[in-house]
Amino acid sequence: MTPVTSIVAADPQRDARVLQRWLADPHAAFWGMGGLSADEVREYLAGVVADPDQDAWLGLVDAVPTFFAETYDPAQVLLRGIHDPLPGDLGMHVLIAPPEGEPRHGLTDAVFATVMAWCFDGLGARRVVVEPDARNLRIRRKNVRAGFTELREVSIDEGERTKTAVLSVCTRDDYARSELAAVAARETAPAPEFARTGISK
């Protein structure tokens, strides 16, 4: 059966516990939040949700929470004074739930393609901006497969730590020409259901 993917606005009360579990898993080490309690994750989420320059999203596959995404204005959040913004730029982070049970082939590609479609079609981005940790070769390779161009290394102050990141950008056309978009186009899954609840900030 073809999986159905949907994206809804994250809710700090509803989603903090599951997100805390994902962040504590070793695969999320580059988020640097593995030591947070559920209450601390709830407080973090509440801050993102309340910020007019950021949003948090929960992704579901067949109605099961499967991924978390953040979007932000890179001219105001994290990259202020670092990135040269263009109109329509949208920053993005994505975290996929740690695998449970039998691995689902192609799930990571499908989730990443869904998040890219959400940024462009759901939120109207002209260009998506990411800043992965320079050591995170796995997500950097995924970004390149999705059409991102790595621009340069930058230092980002994240409060308790400074991250050496690789500033990368991807336009709609870049994504459309990418390997990941070609893979997504071959799949028979229906277009993601974009629940627009909570994006009126």
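**Strand S3 and its partners**

Visitor: What makes strand S3, residues 64-72, count as mostly covered?

Guide: Seven of the nine residues of S3 are buried, and buried means under 20% relative accessible area, whereas exposed means over 50% and partly exposed lies in between (1.4 Å probe, protein chains only). The model is a predicted one, in which local features need pLDDT of at least 70, side-chain atom pairs count only at pLDDT 80 or more, and totals for chains, interfaces and linings use all residues. Residues are numbered from 1 along each chain as its sequence is written, while side-chain values use heavy atoms and leave out hydrogens and water.

Visitor: Why are S2 and S3 said to pair?

Guide: Two strands pair if DSSP finds at least two bridges between them; eight bridges join strand S2 (residues 54-61) to S3, so the condition is met. The two strands run antiparallel, with Leu58 standing opposite Phe68 in S3, and they form a hairpin with two residues between them.

Visitor: How do you know that S3 also pairs with S4?

Guide: Six bridges link S3 to strand S4 (residues 89-96) in the antiparallel sense, and one partnership is that of Phe67 with Ile96 in S4.

Visitor: Why are these called strands, and how many does the protein have?

Guide: Strands are DSSP runs of E with at least two residues, helices are runs of H or I with at least four, and both are numbered from the N terminus. The protein has eight strands, alongside six helices.
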